Amino acid sequence: MELIEAGVGAETAAAACADALRPRDISKCALQINRKTNISGVEALSSCRRVRRPNELATCVVNINGKSRTQPAAPLVVLDGCRRSLLPQQFSECVVGLSGRLDFPTDRLIATCLDPRDSVSQLDGRPAPTPPVELIPPPSPLN
């Protein structure tokens, strides 16, 4: 029923619920994203079905869209960033937290929080740290 309220067609809603391990989580995710952002229920459902934590996905999208203090990103960019993150709740905290400290557009903050190694040097002007080189001892001679 929640998927129908989000504007998803009956056949699509039925198929999504039939395929889901936790159909209620999927439908709540799509409905929350649809109600609190400018993202259609169909687009939200597509992402909600493709993540392990649909409730966190919804919270992530809503938080970034509502709490980011910098130039907003397109809603679908936010949705995709949250979907790609393995830990959407922490990801949204990263984006929202950085938005209060840096005057970067939200899409740049999303890219930074998804892969901080690529952008850390761009944020503060320092070069990105290089990972330590793992030394492998030479093989011992066989006797």
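In this predicted model, Asp80 has a relative accessibility of 29% and therefore counts as partly exposed, since that value falls between the limits of 20% and 50%. Asp80 belongs to a protein whose secondary structure comes to nine helices and zero strands, and buried residues make up 34% of its 143 residues. The points below begin with the overall fold and then take up individual positions, the largest pocket and the aromatic rings.

**Overall fold**

- Read along the sequence, the protein follows the pattern α-α-α-α-α-α-α-α-α, in keeping with the count of nine helices and zero strands.
- Among the contacts in the protein with a separation of 6 or more, 61% are accounted for by residues 24 or more positions apart.

**Partly exposed positions: Asp80 and Thr12**

- Asp80 lies in helix α6, which covers residues 75-84, and its C-alpha atom is 9.0 Å in space from that of Val61, although Asp80 and Val61 are 19 residues apart in sequence.
- Thr12 is found in helix α2, made up of residues 10-19, and with a relative accessibility of 37% Thr12 counts as partly exposed, because this value lies between 20% and 50%.
- Thr12 and Val42 are 30 residues apart in sequence, while the distance between their C-alpha atoms is 8.6 Å.

**Buried positions in α5 and α7: Ile64 and Ser92**

- Ile64 has its place in helix α5 and counts as buried because its relative accessibility, 2%, is under 20%.
- Leaving aside neighbours within four places in sequence, Ile64 is in contact with Val78, Cys82, Phe91, Ser92, Val95, Val96 and Thr106.
- The C-alpha atoms of Ile64 and Ser99 are 9.4 Å apart in space, with the two residues 35 positions apart in sequence.
- Ser92 lies in helix α7, residues 88-99, and is likewise buried, since its relative accessible area of 1% is under 20%.
- When residues up to four places away in sequence are not counted, Ser92 touches Cys60, Asn63 and Ile64, so that the contact between Ser92 and Ile64 appears in the lists of both residues.

**A buried position in α8: Leu109**

- Leu109 is found in helix α8, residues 106-114, and is buried, with a relative accessible area of 0%.
- Beyond its neighbours within four places in sequence, Leu109 is in contact with Thr70, Val95, Leu98, Ser99, Leu102 and Phe104.
- Between Leu109 and Ser68, which are 41 residues apart along the chain, the C-alpha separation is 9.8 Å.
- Val95 is in contact with Leu109 and is also listed among the contacts of Ile64.

**The largest pocket**

- The largest pocket holds about 210 Å³ of space, and of the 13 residues that line this pocket, the closest to its centre are Arg22, Ile26, Val51, Arg52 and Pro54.
- Helices α2, α3 (23-36) and α5 (54-67) each supply at least two residues of the lining of the largest pocket.
- By residue class, the lining of the largest pocket divides into six nonpolar, one polar and six charged residues.

**Aromatic rings**

- The count of aromatic pairs, for which ring centres must lie within 6.5 Å, comes to zero.
- Arg108 lies over the face of Phe104, at 3.8 Å from the ring centre, and Phe104 is also one of the residues in contact with the buried Leu109.

Conventions: Residues numbered from 1 in each chain as written. Predicted model: local features only at pLDDT ≥ 70, side-chain atom pairs only at ≥ 80, totals over all residues. Heavy atoms only, no water. Helix = DSSP H or I, 4+ residues; strand = E, 2+ residues; numbered from the N terminus. Buried < 20%, exposed > 50% of the residue type's maximum accessible area, 1.4 Å probe, protein only. 1 Å grid on protein atoms, 1.4 Å probe; cavity = no way out; pocket = protein on both sides within 12 Å on 5 of 7 lines; lining within 4 Å. Points joined across faces, edges and corners; volume = space filled by probe spheres on them. Nonpolar A, V, L, I, M, F, W, Y, C, P; charged D, E, K, R; others polar. Contact = heavy atoms within 4.5 Å. Phe/Tyr/Trp six-rings, centres within 6.5 Å; stacked < 30°, edge-to-face > 60°. Lys NZ or Arg CZ within 6 Å of the ring centre and 35° of its normal.
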